[in-house]
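Q: Please look closely at the interior of this chain. I should like a connected account of how its nonpolar residues are grouped, with the setting of the whole chain given beforehand and a few individual positions examined afterwards.

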Amino acid sequence: MSEVFRFAPSPNGRLHLGHALSAFTGFDMARRVGGRFLVRIEDIDTTRSRGDLIAAIFEDLRWLGITWEVPVLRQSEHFDDYRAAATRLRDMGLLYPCFATRSQIEAALQPGHASDPDGAPLYPGLHRGLDARAVADRLQWGERYALRIDMARALAAARNMAGNAAFTFQALDAAGRQTAVVANPARWGDAVIVRKEVPASYHLACVVDDARQGITHVTRGRDLLAATDLHRLLQVLLGLPAPLYHHHRLLTDQQGRKLAKSADDTSLASLRAGGATPVDIRHLVGL
């Protein structure tokens, strides 16, 4: 079976050098092994995603010399699939509705409260164990809610389903060597699996789409290494295959900060307008 790689940007800003490194990494690996290369548009955040930015992603990739298969999957067109996956988890008793606002969660925190790998405080369990009548009443009142995973129950279920394999994934280093990595989903606590405003989170949509598209190799930055812990847990619970993971190095600015669209870091489009060539971009990202 052919190896399948993917590049999955979010259309909420222009691509920068960090995206170029990620796209080149997956594309080059696919070419070396004669595999397939896909582009996926991760636009579940419909309030921030824009059509012109999707077109710009394709323009930047073509300029870099990257080719991909069509049609391109857009997550906003597959909300029903994410709802089905969430329903399955909820029917297993592993998701529960959380009505709490961010300010309510912050008010419940004690000094020195632990944080998740993204730096957000671990959920203090405000609505875990809320009785069915209270949930039904709040739903009837039309309160907005997210669905959180009951991490303790989820870990127990995964252990029953897959034993120790539930907490490992296979990783590839830069030289192509494969090693088993022990995952630690518990450090995410009761993470949000379905957001209030859309029927998925990045984590749920990602694992559902990787399985749907037959992705065998996930290449992404080291900033998403911890997310793989949670993705591995969801794969086990949903009975989905686990790809090989390669978490490449990150590009940083002079202050050591990771490049980000939200920080308006230099875009590929502006570099192109300034006379840079695709070969220049490869040199700038260290390839």
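A: The model is a predicted one, and the description below should be read accordingly. The chain contains 10 helices and 10 strands. A compact globule of 287 residues would have a radius of gyration near 19 Å, and the value of 20 Å found for this chain therefore agrees with that expectation. Along the principal axes, the C-alpha atoms occupy a box of roughly 65 × 40 × 40 Å. Buried residues make up 48% of the 287. When contacts between residues at least 6 apart in sequence are considered, 79% of them join residues at least 24 apart.

The surface may be described briefly before the interior. About 14,000 Å² of the chain is exposed, and 51% of that area is supplied by carbon and sulfur atoms. There are 35 positive and 31 negative side chains, and the centres of these two sets lie 2 Å apart.

The interior itself is best approached through its largest nonpolar core, which comprises 35 residues. Within this core, the residues with the most contacts are Tyr-82, Leu-89, Ile-149, Ile-193, Leu-204, Leu-233 and Leu-237. Two or more residues each are contributed by the helices α3 (79–91), α6 (151–162), α7 (202–212) and α8 (227–238), and by the strands β5 (146–149) and β8 (192–194). Helix α8 provides the largest share, namely seven residues.

Leu-89 illustrates how these elements meet. Apart from neighbours within four places in sequence, Leu-89 is in contact with Leu-94, Leu-95, Ile-193, Leu-204, Leu-234, Leu-237 and Leu-238. A second core, separate from the one just described, has 28 residues, among them Ala-20, Phe-27, Phe-37 and Phe-58.

Ala-154, a residue of helix α6, offers another view of the packing. Its relative accessible area is 0%, and Ala-154 is therefore buried. With neighbours up to four places away set aside, the contacts of Ala-154 are Leu-94, Ile-149, Leu-233 and Leu-237. Of these partners, Ile-149, Leu-233 and Leu-237 are listed among the residues with the most contacts inside the largest core, while Leu-94 is also a contact of Leu-89. Ala-154 and Gly-93 are separated by 61 residues in sequence, yet their C-alpha atoms are 8.7 Å apart.

Phe-169 belongs to strand β6 (residues 168–172). Its relative accessibility of 3% falls under the 20% limit, so Phe-169 counts as buried. Beyond the residues up to four places away, Phe-169 touches Thr-179, Ala-180, Val-181, Ala-183, Leu-225, Thr-228, Asp-229, Arg-232 and Tyr-245. One of these partners, Thr-228, is 59 residues from Phe-169 in sequence, with a C-alpha to C-alpha distance of 8.2 Å.

Burial also occurs in a loop. Pro-11 is situated between β1 (4–7) and α1 (17–33), and it is buried, with 0% relative accessible area. Pro-11 is touched by Ile-41, Glu-42, Asp-43, Arg-48, Ser-49, Arg-50, Leu-53, Ile-54 and Ile-57, again without counting residues up to four places away in sequence. The C-alpha atoms of Pro-11 and Asp-45, 34 residues apart along the chain, lie 9.1 Å from each other.

Another loop proline concerns the backbone. Pro-71 is located between α2 (51–64) and β3 (73–74). Most peptide bonds are trans. The bond joining Val-70 and Pro-71, however, is cis, with omega at about 0°.

Ala-120 provides a contrast to the buried positions. This residue lies in the loop between α4 (102–107) and α5 (132–140). Its relative accessibility is 33%, and Ala-120 therefore counts as partly exposed. Ala-120 and Ala-56 are 64 residues apart along the chain, and 31 Å separates their C-alpha atoms.

In summary, the interior includes a largest nonpolar core of 35 residues, to which α8 gives the largest share, and a separate core of 28 residues.

Notes
Residues are numbered from 1 along each chain as its sequence is written. This is a predicted model: local features need pLDDT of at least 70, side-chain atom pairs count only at pLDDT 80 or more; totals for chains, interfaces and linings use all residues. Side-chain values use heavy atoms; hydrogens and water are left out. Helices (H or I, at least four residues) and strands (E, at least two) are DSSP runs, numbered from the N terminus. The radius of gyration is taken over C-alpha atoms; the globule rule is 2.2 Å times the number of residues to the power 0.38. Buried means under 20% relative accessible area, exposed over 50%, partly exposed in between (1.4 Å probe, protein chains only). Contact means heavy atoms within 4.5 Å. Accessible areas come from the Shrake-Rupley method with a 1.4 Å probe; for residues, only the protein chains shown count as cover. Lys and Arg count as positive and Asp and Glu as negative; His and the chain ends are not counted. The place of a charge is taken as NZ of Lys, CZ of Arg, CG of Asp or CD of Glu. A nonpolar core is a set of buried Ala, Val, Leu, Ile, Met, Phe, Trp, Tyr and Cys residues joined through side-chain atoms within 4.5 Å.
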